[in-house]
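Dear colleague,

I am passing on the structure we spoke about, and you will find it just below. After it I have set out what was found, beginning with one pair of helices and ending with the ligand.

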Amino acid sequence: MVGRQARVGIIGAGNVGSTLARRILELDLAQVVLLDVIPGRTQGLALDLNQAQAISGNHSTILGTESYGDLAGVDIVVLTAGFPRKPGMSREDLLKINGQLVQEITIKAINQAPNAVLIVVTNPLDVMTHLAWQVSGLEKERVLGMAGILDSARFASFIAAEMGISVRDIRAMVLGGHGDLMVPLPRHTTVNGIPLPELLPLSVIAPLIDRTRNGGAEIVSFLKSGSAYYAPAAATAEMVAAILADQHRILPASVYLEGEYGLTDVCMGVPIKLGARGVEQVIELPLIGEELTALQTSGANIRDNIQLLKTMLV
Ligand SMILES: NC(=O)c1ccc[n+]([C@@H]2O[C@H](COP(=O)([O-])OP(=O)(O)OC[C@H]3O[C@@H](n4cnc5c(N)ncnc54)[C@H](O)[C@@H]3O)[C@@H](O)[C@H]2O)c1
Ligand SMILES: O=C(O)C[C@H](O)C(=O)O
């Protein structure tokens, strides 16, 4: 990639999309193309962000647009367009409305950038990732959903607060669907290499697991008019960086499964190796009975919602 800075297209310039654009620019990861349907919104944001870059001295720039033609040849497309939930709603309540959007947007974006890696953020995450994979026609390695890094970060932050230690020493692992049935894994969560159950009794870990499962809804209940966006944008930027710099990171992400963990034709959060080509490997952890059962229950729920969406998108 000598002589050309990478380009990242972000579709949806709402809370997550605009925060992600800012983060990519501040980390100087790539040129950004930010697209939304609201006339003038992305042009205004782009002027503001480019002026902020002039202050921080970073050289990456951003283009605001309503035209898909401006996405031509981008290296990564991030889908953040779509409705967030409100208090009292589940992510699945967004199935139809966001399904229609994701279907349309994915096709338009991939027509312009057929070689891109596609990162889906729109909820309900795993079903939208499966839909984007299906309508894009891309190989499964190039379609990923962002959720596992976010859910693991939430688990880590609750553990750090409980133990009174730095979050930096915690490596949390949350797999499964991005919903109430997500699967935080204490045995695979470590504090500087020490498995969590050796440091905290299960009676203390259990409420942290519940809070993690409810982490998105907890923020929605405070914000009222939307959902979380700082941590989701940070998590997505982590994936963008891993792809652009071919870092071969081991991270949880929602990807298309073909038999791994006993699941087929479903997108769900699992540990992967992430590099320039997208998913380089799905890592199969040795899970004990109840962990595997929880993962398969979560997968079955996603599959039901994939089927339900099919009846909604005619
Ligand atoms: N995967 C995750 O962990 C995660 C985390 C946070 C949010 N989300 C999801 O991300 C989505 C966006 O959240 P948000 O807080 O940024 O919402 P938001 O309402 O702030 O922004 C959504 C943006 O999408 C735009 N949009 C709508 N239709 C469009 C179209 N056809 N083309 C282009 N842009 C279009 C809107 O104009 C708006 O600017 C929601 O579905 C939310 O649930 C997922
Ligand atoms: O909770 C939501 O609806 C948004 C997102 O999925 C999150 O987990 O913050």
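How close do the axes of helix 5 (residues 148-163) and helix 8 (residues 230-244) come, and at roughly what angle do they cross? Please keep in mind while reading that this is a predicted model. The axes of these two helices come within 8 Å, and the crossing angle is roughly 125°. An angle over 115 degrees but not over 145 counts as oblique, and helix 5 and helix 8 are therefore oblique to each other. The crossing of helix 5 with helix 8 is right-handed. On the helix 5 side the contact is formed by I149, L150 and A153, which meet A231, P232, A235, E238 and M239 of helix 8. Sorted by class, the residues of this contact are seven nonpolar and one charged, with no polar residue.

A second pair of helices is that of helix 1 and helix 2 (residues 41-56), whose axes come within 10 Å and cross at roughly 25°. Because angles under 35 degrees count as roughly parallel, helix 1 is described as roughly parallel to helix 2. The crossing of helix 1 and helix 2 is right-handed. Helix 1 contributes S18, A21, R22, L25 and E26 to the contact, while helix 2 contributes L45, L49, Q53 and S56. By class, the contact of helix 1 with helix 2 has four nonpolar, three polar and two charged residues.

The third pair is helix 4 and helix 9 (residues 289-312), with axes that come within 9 Å and cross at roughly 55°. That angle makes helix 4 oblique to helix 9, and the crossing of helix 4 and helix 9 is right-handed. Here D126, V127, H130 and L131 of helix 4 are set against I302, N305, I306 and L309 of helix 9. The contact of helix 4 with helix 9 divides into five nonpolar, two polar and one charged residues.

Turning to the chain as a whole, the domain assignment gives domain 1 (7-145) and domain 2 (148-313). The centres of domain 1 and domain 2, taken over C-alpha atoms, are 21 Å apart. Between the domains, 41 residues of domain 1 are in contact with 37 residues of domain 2. On the side of domain 1 that touches domain 2, the elements that give two or more residues are helix 1, strand 4 (76-79), helix 3, strand 5 (117-120), helix 4 (125-136) and strand 6 (143-145). Helix 4 gives the most to that side, with seven residues. By class, the side of domain 1 that touches domain 2 is made up of 22 nonpolar, eight polar and eleven charged residues.

Lastly, there is the ligand. Ligand 1 is surrounded by 34 residues, and the closest are G14, V16, A81, N123 and P232. Helix 1 (15-26) and helix 3 (95-112) are the elements that give two or more residues to the shell around ligand 1. This shell has 20 nonpolar, twelve polar and two charged residues, and it draws at least three residues from each of domain 1 and domain 2. P232, then, is listed among the closest residues to ligand 1 and also takes part in the contact of helix 5 with helix 8.

With best wishes

Methods. Residues numbered from 1 in each chain as written. Chains lettered and ligands numbered in written order. Predicted model: local features only at pLDDT ≥ 70, side-chain atom pairs only at ≥ 80, totals over all residues. Near = placed C-beta within 6 Å. Helix = DSSP H or I, 4+ residues; strand = E, 2+ residues; numbered from the N terminus. Nonpolar A, V, L, I, M, F, W, Y, C, P; charged D, E, K, R; others polar. Domains from an automatic or database assignment. Contact = placed C-beta atoms within 7 Å. Axes fitted to C-alpha atoms, helices over the stretch in contact; angles between N-to-C directions. Parallel < 35°, antiparallel > 145°, perpendicular 65-115°, else oblique. Left-handed = near helix turned anticlockwise from the far one by under 90°.
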